[in-house]
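Visitor: I'd like to learn how to read a few features off a protein model. Could you walk me through some?
Guide: Happy to. Let's put it on the screen and begin with a term we'll need.

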Amino acid sequence: MLTNRQLFLNNLAQTSDAPLLIEVEKASGVYMYGKQGEKYIDLISGIGVSNIGHCHPKVVQAIQEQSQKYMHLMVYGEFVQAPQVRLATKLIETLPPSLDSVYLVNSGSEATEGALKLAKRYTNRREIISCKNAYHGSSHGALSVMGNEFFKQSYRPLLPGIKHIRYNHTEDLDVITEQTAAVIIETIQGEAGVRIADKPYMQALRKRCDYTGTLLILDEIQCGFGRTGTFWAFETYGIVPDILLAAKGMGGGMPIGAFISSKKIMQTLSSDPVLGHITTFGGHPVSCAASIACMEVIQEEKLMDTVLKKESLIRKQLNHPGIKEIRSAGLMMAVEFESYSVLKRIIDQAIEKGVLTDWFLFCDNSMRIAPPLIISDDQIEQACSIISSCK
């Protein structure tokens with residue numbers, strides 16, 4: 001009889017020729033457990049997904065309760081479904097007044113796709129600008145605005161009219177003109193290895209978009225939902241986007257995403273043509289219920305209040321001699337080593353010792369650290385001690 005590992009390799013499409021092949025029996029809090037009793041501290045939260053840990057009791061309860069009432073009923077936007085309404089209301093409560101219309105989807109890539117369509121529809125322009133080393137998802141439109149040629153060269157032709165500028169370089173902003181429908185940019189660049197923009201740059205970007213009538217799309221798919229110490233990372237920059245993207249940490253482990261804008265902008269998707277954007281499973285009531293519970297946990301347990309302290313503790317406790325630099329925005333961290341080969345050896349050893357970390361697509365000599373916000377000081381010290389002991 002074939003094992004699950006063999007069936008995984010035989011029957012599931014592979015995304016690389018060297019998957020980790022960790023077989024997880026269950027997960028709870030910051031831990032994942034293997035079939036043979038292995039125990040791993042999850043320092044990456046499923047790539048920024050499990051912000052409140054795995055299987056949080058309040059999320060599990062919300063899923064169970066909603067699944068007993070109803071699940072999928074109708075394509076998005078036709079029925080009044082309480083979980084969708086409640087979630088949209090809670091999201092808007094965290095945002096400035098101009099962001100008052102929520103379109104719920106299934107993932108970050110879908111949020112990107114919806115935002116690109118919305119920007120073109122509203123402005124009647126076709127040019128989109130994104131940043132070099134940007135990552136906004138892997139579907140066709142999202143791939144088009146990815147800022148790394150290696151990962152998209154095999155899939156051309158992609159969307160026309162895409163230009164790329166350097167992140168955090170104010171002199172590049174002149175590329176934005178009256179022909180530009182939107183600039184899409186990560187508030188904190190993720191796959192580039194946690195690159196943080198200067199406040200003057202972000203404010204200059206907002207000013208340039210205003211001047212040219214260009215929509216500003218902020219991608220907070222990785223950095224939103226409390227990960228940086230504020231609910232939305234853009235709060236620290238003194239700017240407001242025209243369209244905001246969310247996903248990953250939004251669902252407490254369930255698949256969900258959103259693009260959020262003003263009613264004035266969003267209503268253009270409802271006419272000429274009608275049903276300008278459609279999703280069957282977007283805003284799935286069970287995922288919405290999980291997202292509501294996730295938000296309540298973050299807010300009621302004041303998890304954001306602990307983020308900067310935990311960031312500081314990780315910086316203090318990581319004492320590996322090979323570390324060249326640590327870049328961080330709250331609990332979104334990149335620990336840079338000399339090379340990918342050095343980093344990969346440390347990652348593999350850490351997994352053997354019970355700590356799961358990762359690397360970045362466009363910065364493969366840096367270790368990704370993005371633990372659940374609920375991680376304790378003792379767990380941080382244990383994980384950092386293990387990483388520091390790897391050679």
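Guide: A residue is called buried when its relative accessible area is under 20%, exposed when it is over 50%, and partly exposed in between. Keep in mind that this is a predicted model.

Visitor: Then is Arg-327 buried or exposed?
Guide: Arg-327 has 8% relative accessibility, so it counts as buried. Glu-325 comes out at 37%, so that one is partly exposed. The two form a salt bridge, with their closest N and O atoms 3.0 Å apart.

Visitor: How do I decide what is a salt bridge?
Guide: Look for a side-chain nitrogen of Lys or Arg within 4 Å of a carboxyl oxygen of Asp or Glu. By that rule this model has 16 salt bridges. Some share partners: Arg-166, Glu-171 and Asp-172 are joined into one network that way.

Visitor: Which parts does the salt bridge between Glu-191 and Arg-368 tie together?
Guide: Glu-191 sits in the loop between strands E8 and E9, while Arg-368 belongs to strand E17, so the pair links parts 177 residues apart in sequence. The closest N and O atoms of Glu-191 and Arg-368 are 2.9 Å apart, and both residues are buried.

Visitor: And how far apart are the closest N and O atoms of Lys-35 and Glu-23?
Guide: For that salt bridge the distance is 3.9 Å. Lys-35 is in the loop between E2 and E3, and Glu-23 in the loop between H1 and E1, so the parts they tie together are 12 residues apart in sequence. Lys-35 is partly exposed at 47%, and Glu-23 is partly exposed at 28%.

Visitor: Now sheets. What is the strand order in the open sheet of four strands?
Guide: Read across, the order is E13-E14-E17-E16, with antiparallel pairing. E13 and E16 are the edge strands, each pairing on one side only. Neighbouring strands are turned by 35° against each other on average, ignoring direction. Helix H10 packs on this sheet and touches E13, E14 and E17; its direction makes about 170° with that of E13.

Visitor: What about two helices, say H4 and H9: at roughly what angle do their axes cross?
Guide: Roughly 35°, and the axes come within 8 Å. The crossing is left-handed. Residues making the contact include Leu-87 and Leu-91 of H4 and Ile-292 and Met-295 of H9. By type, the contact residues divide into eight nonpolar, three polar and three charged.

Terms used:
Residues are numbered from 1 along each chain as its sequence is written. This is a predicted model: local features need pLDDT of at least 70, side-chain atom pairs count only at pLDDT 80 or more; totals for chains, interfaces and linings use all residues. Side-chain values use heavy atoms; hydrogens and water are left out. Axes are lines fitted to C-alpha atoms, for helices over the stretch in contact, and angles run from 0 to 180 degrees between N-to-C directions. A crossing is left-handed if the near helix is turned anticlockwise from the far one by less than a right angle, and right-handed if clockwise. Contact means heavy atoms within 4.5 Å. Ala, Val, Leu, Ile, Met, Phe, Trp, Tyr, Cys and Pro count as nonpolar, Asp, Glu, Lys and Arg as charged, and the others, Gly among them, as polar. Two strands pair if DSSP finds at least two bridges between them. Buried means under 20% relative accessible area, exposed over 50%, partly exposed in between (1.4 Å probe, protein chains only).
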